[in-house]
Amino acid sequence: MMQLYDYVLSGSCYKVRLFLSVIGQDYEKVPVDYYPGGEHKTPTFLQINPLGQIPVLVDDDLILRDAQAILVYLAGRYDANRSWYPEDPRLQGEIAMWLSFASNEIMNSSAARLHDMLFYDFDIDKVRAAAHAAFRVLDDHLTDREIMGKQWIVGNHPTIADIACFPYVALSGDGGISLDDYHAVRRWISRVKQIPGFVVMPGIHHN
Ligand SMILES: N[C@@H](CCC(=O)N[C@@H](CS)C(=O)NCC(=O)O)C(=O)O
């Protein structure tokens, strides 16, 4: 059975847990003592991911790191309808753009959360400002999409772009970042929570 190297408070691991739940795929969790144990930096774990990061997915002889890469794989392999990662190259390009946004700009919200929750030494004003800049981009995009009658980041259905962007936007309060100014983002968060199979994590609830 597939294994997910996982930490319950990690929004990156939650991207994968959430997607596995919505596609109804069974898997085994391998808990990693991220904090305070720092297990992701031990020699044993570095053999699984030399970057020393979670999540990691193991499926047969395939070892995948990076939540976005894992979502691409899972959607291609296990979503028979290909609605979560459509085969249309144009949609794939747009999805890749937002996956990159999820792993770069939105991660400023993760940094703010690590600072506030786990005492990481980040420049908190800088990462909060960068997270706000990212949320402004997402909110403007979602507002334009709503004007076009669209509910999701890309295409006519939820895709892995929505799954990848969701966690650290929804968890922004943990890093002292308010979503009050991002009305379209808050409506989109409510829609994501309605996706069949949606699961929660500490800091993200059903409404
Ligand atoms: N690009 C990776 C980043 C994942 C990530 O930042 N994971 C955090 C936990 S939420 C981690 O392992 N950080 C340890 C480190 O970067 O040294 C992904 O999106 O999966």
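This is a short tour of one structure, from its domains to its ligand.

**Stop 1: the domains.** You are looking at a predicted model. Select residues 3–78 and colour them; this is domain 1 in the domain assignment. Give residues 89–193 a second colour, and you have domain 2. Now mark the centre of each domain, taken over C-alpha atoms: 21 Å lie between domain 1 and domain 2. Next, look at where the two domains touch. Domain 1 brings 14 residues to the contact, and domain 2 brings 16 residues.

**Stop 2: the pocket.** Select the ligand and show the protein surface. Which pocket does the ligand take up? The space filled by the ligand is the largest pocket.

**Stop 3: the shell.** Show the residues around the ligand; there are 14 of them. Colour this shell by class: six residues are nonpolar, six are polar and two are charged. Then pick out Lys41, Ile54, Asp66, Ala67 and Gln68, the ones that come nearest to the ligand.

**Stop 4: the polar contacts.** Zoom in on lysine 41. One of its polar side-chain atoms is 2.5 Å from a ligand oxygen atom. Move to isoleucine 54. Here a polar backbone atom sits 2.8 Å from a nitrogen atom of the ligand. Finish with aspartate 66, where a polar side-chain atom is 2.8 Å from a ligand nitrogen atom. How much of the ligand does the protein bury? On its own, the ligand exposes 500 Å², and the protein buries 80% of that area.

Methods. Residues numbered from 1 in each chain as written. Predicted model: local features only at pLDDT ≥ 70, side-chain atom pairs only at ≥ 80, totals over all residues. Heavy atoms only, no water. Near = heavy atom within 4 Å. Polar contact = N/O pair within 3.5 Å; in protein donor to acceptor, adjacent residues only side chain to side chain. Areas by Shrake-Rupley, 256 points an atom, 1.4 Å probe, with all protein chains shown as cover. 1 Å grid on protein atoms, 1.4 Å probe; cavity = no way out; pocket = protein on both sides within 12 Å on 5 of 7 lines; lining within 4 Å. Sits in = over half its atoms within 2 Å of the grid points. Nonpolar A, V, L, I, M, F, W, Y, C, P; charged D, E, K, R; others polar. Domains from an automatic or database assignment. Contact = heavy atoms within 4.5 Å.
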